[in-house]
Amino acid sequence: MKVVVCGAGIAGLATAERMSSLGAEVVLLERASGPRAHGYLIDFFGAGYDAAEAIGVLPAIRDAGYNFDEARLVDEQGRRRATLSYVKIDRALRGRLVSVLRPDLEKVLRDNLPDNVELRYGAAVTGVDDHGDGVTVTLDGGETLQADLLVGADGIHSTVRALVFGDEAQYLRYLGFHTAAFIFHAPAIREAAGDDVALTDTIDRQIGFYGLRDGKVAVFAVHRAPDRQLPEDTRAAIRAAYADMGWLVPEALQLCPPTPEIYYDEVAQVVMPRWHKNRVVLIGDACSAVSLLAGQGASLAVGAAYVLAEQLRRTSSIERALDFYEQLWRPEVEEKQRAGRDAANRFLPSSPFELWKRRTMLRLAWLRSVNRRITAAMVGPPSPVVAMLRTGSESDADREASPG
């Protein structure tokens, strides 16, 4: 089987490795000229954690990651107003949680690619001809690739989705926020921010500071934006949106890197009636972005790659395998999308009352019932899909190893 995967982000890298594990001939295309150096810190747990363990990359992810004790909300002077315990969340997840920078997670997955996966940067897809029993993929230089399956893993603004399923306006659900992330080196700010996560306790906008290794600080920012249109000069837009905030924010804005080194996007979800068509299938944010309000986007991407590959491994028909993949994985995604929409005001309060309500809830987290409610809102219900497939794979392996 020949497989072309479009997009060398988390979903594409995980998918390429899993397709290769099936014995497929895999070409992984990425329109960018090289790996992305910018991105934000993510909490990696759930289905993707289970899949990473099954794939064998979990130790490397944990080595690249960070383990925080708490996230604290601070006022304009940096004084603590409330605290969210990572320790309690980690305990609820039975230690199966790690915080990791998106570029570092991508590097782990990229380093895990088999040698026979052909990874091509600077390769933009401009055409897709799905002829039922195969796909012809055209690149921007005019080259064509023949494949039995095309996987669109090229993110929320997917080219494959646009070429095969139509304009993204049909599928994007804008949630009313813009978000940005960048990293800078500033030991003094790193010391002031501390070893854990510090979040501004503010209305309609929030900046988070994450202390990294070697005096570096990761900044994650989100603000309400009625217009989904993205600015051309993202650094100027960030400085304007957060200009009058206190504490470490003015210094961080001065150290904000140039636009090409900043991650900036709208906060949106992707909602589609169908994720595959003939021999083209979408995966990750291309078909099922849950948004940063829901979290777990990276985990769902790795989990989806595992589920897709398992269905192809277990099913003789590619078309039936794609059906089974969607039937199994769609409920997981839709539950996380619903939680993300419900979490909007909790994530970023829109009024002094909402701000007070969040602060009060966190201050009462010492109560067991309140802590359970907060943890449930943060992590959601456990996903049984990957665990079920892993158990089935182990049973298959036992049967194959059995002399009888």
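This report describes selected strands, salt bridges, backbone angles and nonpolar cores of a predicted model.

## Strand β4 and its neighbours

Strand β4 spans residues 70–74, and 5 of its 5 residues are buried. In a regular strand the side chains alternate between the two faces of the sheet. In β4 both of these faces are covered. One side carries E70, R72 and V74, the other carries A71 and L73, and all of these residues are buried.

Two strands pair with β4. Strands of a sheet pair through backbone hydrogen bonds, either parallel or antiparallel. With strand β5 (residues 80–85), β4 pairs in the antiparallel sense over 5 bridges. With strand β13 (residues 197–200), β4 pairs in the parallel sense over 4 bridges. Residue L73 takes part in both pairings: L73 stands opposite A82 in β5, and its bridge partner in β13 is L199. The connection from β4 to β5 is a hairpin with 5 residues between the strands. In the turn of this hairpin, G78 has a positive phi of about 85°.

## Salt bridges

The structure holds 26 salt bridges. One of them lies between D75 and R79, whose side chains meet at 2.8 Å, N to O. The two partners differ in their surroundings: D75 counts as buried because its relative accessibility is 12%, whereas R79 is exposed, with a relative accessible area of 52%. Elsewhere in the chain, salt bridges that share partners join E335, K336, R338 and D342 into one network.

Another salt bridge links the side chains of E17 and R18 at 2.7 Å, N to O. Both E17 and R18 are buried.

The side chains of R96 and E53 also meet in a salt bridge, at 2.9 Å, N to O. R96 belongs to the loop between α4 (86–92) and β6 (97–101), while E53 belongs to helix α2 (residues 47–55), so this pair ties together parts that are 43 residues apart in sequence. At 32% relative accessibility, E53 counts as partly exposed.

## A sheet of three strands

An open sheet of 3 strands follows the order β8-β9-β10, and its pairing is antiparallel. Its edge strands are β8 (125–130) and β10 (144–147), each of which pairs on one side only. On average, neighbouring strands of this sheet are turned by 20° against each other, direction ignored.

Strand β9 (residues 135–139) pairs with β10 in the antiparallel sense over 4 bridges. Within this pairing, V137 has L145 in β10 as its bridge partner.

## Nonpolar cores

The largest nonpolar core has 106 residues. The members that touch the most other members are L29, F44, L105, V137, I283, Y325 and W329. Helix α11 gives the most to this core, with 11 residues.

V137 therefore appears both in the pairing of β9 with β10 and among the core members with the most contacts to other members. Leaving aside residues up to four places away in sequence, V137 touches V4, L29, V125, G127, E143, T144, L145 and L150. L145, its bridge partner in β10, is thus one of the residues on this contact list.

A second, separate core has 24 residues, including V74, A186, M245 and I262. V74 is also one of the buried residues of strand β4.

## Positive phi angles outside glycine

Most residues other than glycine have a negative phi, and most peptide bonds are trans. Two residues of this model are described here for a positive value.

D214 has a positive phi of about 60° although it is not a glycine. D214 is placed in the loop between β14 (205–211) and β15 (216–224). With a relative accessible area of 67%, D214 is exposed.

S291, likewise a residue other than glycine, has a positive phi near 85°. S291 lies in the loop between α10 (285–288) and α11 (297–314). Is S291 buried or exposed? S291 counts as buried, because its relative accessibility is 12% and the limit for a buried residue is under 20%.

Technical notes:
Residues are numbered from 1 along each chain as its sequence is written. This is a predicted model: local features need pLDDT of at least 70, side-chain atom pairs count only at pLDDT 80 or more; totals for chains, interfaces and linings use all residues. Side-chain values use heavy atoms; hydrogens and water are left out. Buried means under 20% relative accessible area, exposed over 50%, partly exposed in between (1.4 Å probe, protein chains only). Two strands pair if DSSP finds at least two bridges between them. A salt bridge is a side-chain nitrogen of Lys or Arg within 4 Å of a carboxyl oxygen of Asp or Glu. Axes are lines fitted to C-alpha atoms, for helices over the stretch in contact, and angles run from 0 to 180 degrees between N-to-C directions. A nonpolar core is a set of buried Ala, Val, Leu, Ile, Met, Phe, Trp, Tyr and Cys residues joined through side-chain atoms within 4.5 Å. Contact means heavy atoms within 4.5 Å.
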